[in-house]
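Here's a quick tour of one model, starting with its charged pairs and moving on to a helix and the strands around that helix. Have a look at the structure first, then read on.

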Amino acid sequence: MTDGLDALDQADTVLVPGWLPTEETPSPAVIRSLRHAHDRGARLVSICTGAFALAHTGVLDGRRATTHWARADELSARFPAVEVDRDVLYVDHGDVATSAGAGAGIDLCLHLVRTDHGAGYAAQVARSMVMPPHREGGQLQYAAPPHPTQIDGSLAPLLEWATDRLGDPLTVEDLAARAAVSTRTLARRFTDQLGIGPGQWLLAQRIAAAQELLETSDLPVEAVARHVGLSSATNLRRRFLRALGTTPGAYRRAFRTDPR
């Protein structure tokens, strides 16, 4: 940033990308600027060790927060008023959000894009980055693996192929056949590269595609469900409620890009 702390006086979102060394206390000017930004309604967001800087301001007191798994114990010990969640990829309170490591920071940023601009735009951004719009699971699956992980090849071509065919009755077996590997090998590659299994990834893509259609089209819920490969409105509602905590109809009313 070239504008200095004065830029925080106008920012709608203030992003703290990291704070090292973590044992160093931010200057009074930094703490004061962050607090002032929060008090006037700006959203404070931290990636990885940036949570330490936010913790110094007091905005995390009495709230859940996360940071990189290797620093979680330190954050908890130094700021006992903060409820440190060691497993999640990110925590979003609306006015304050924290993420785990750098990769989880991207997850959080995509989540914020989705919140601010809708699932369709977030899906476009995610696709351009060749990553899922939303990852399931927590960060402990990545913590200190006992053996180095071997990634046998990029999944990008397979992900693009599958994303273009979500309306087809694709299965994990279909994905494995396309990749010319066993389902077991495919599951390992997905876990290594995306942090979730192929079935979870496929469902996440279908839900994301349904979100985009609900935002941008007049298709009935039944047609949306068929279009994204979820077979029926009942199945779509069940999956939607479990993943997003809302119904397709309520989501459409909340995020419709051209409400009528």
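Seven salt bridges turn up in the structure, where a salt bridge is a side-chain nitrogen of Lys or Arg within 4 Å of a carboxyl oxygen of Asp or Glu. Bear in mind that this is a predicted model, so local features need pLDDT of at least 70 and side-chain atom pairs count only at pLDDT 80 or more, while totals for chains, interfaces and linings use all residues. Residues are numbered from 1 along each chain as its sequence is written, and side-chain values use heavy atoms, with hydrogens and water left out.

**Charged pairs**

Here are three of those salt bridges, with the separation of the closest N and O atoms:

| Pair | Closest N and O atoms |
|---|---|
| E74 and R71 | 3.2 Å |
| R78 and E74 | 3.5 Å |
| E222 and R226 | 3.9 Å |

Salt bridges link R71, E74 and R78 into a network. Within that network, R78 and E74 both belong to helix α3 (residues 72-78) and sit four residues apart, about one turn of the helix. Helices here are DSSP runs of H or I with at least four residues, strands are runs of E with at least two, and numbering goes from the N terminus. E222 and R226 are likewise four residues apart, about one turn, in helix α10 (residues 221-227).

How accessible are these side chains? The scale is relative accessible area with a 1.4 Å probe, protein chains only: buried is under 20%, exposed is over 50%, and partly exposed is in between. E74 comes out partly exposed because its relative accessibility is 23%. R71 is partly exposed as well, at 29%, and so is R78, at 31%. Over in α10, E222 has 34% and also counts as partly exposed.

**Helix α1**

Now for α1, which runs over residues 28-39. Its twelve residues should span 16 Å at 1.5 Å a residue, and the end C-alpha atoms are indeed 16 Å apart, so the two agree. (The expected span is 1.5 Å times one less than the number of residues.)

Which residues of α1 are buried? They are V30, I31, S33, L34, A37 and H38. These cover an arc of only 165° around the axis, which means they lie on the same side of α1; the arc is that of the directions from the helix axis to the C-beta atoms. P28, R32 and D39, on the other side of α1, are exposed.

The buried residues of α1 pack against β1 (13-16), β2 (43-46), α2 (50-57) and β6 (96-99), with contact meaning heavy atoms within 4.5 Å. After α1 comes G41, which has a positive phi near 110°.

**Strand β6 and its partners**

β6 is covered on both faces: V96 and T98 are buried on one side, and A97 and S99 are buried on the other. Two strands count as paired if DSSP finds at least two bridges between them. β6 pairs with β2 in the parallel sense over three bridges, and A97 in β6 is the bridge partner of V45. β6 also pairs with β5 (residues 90-92), in the antiparallel sense over three bridges; here S99 in β6 is the bridge partner of Y90. The hairpin of β5 and β6 has three residues between the strands, and G94 takes a positive phi near 95° there.
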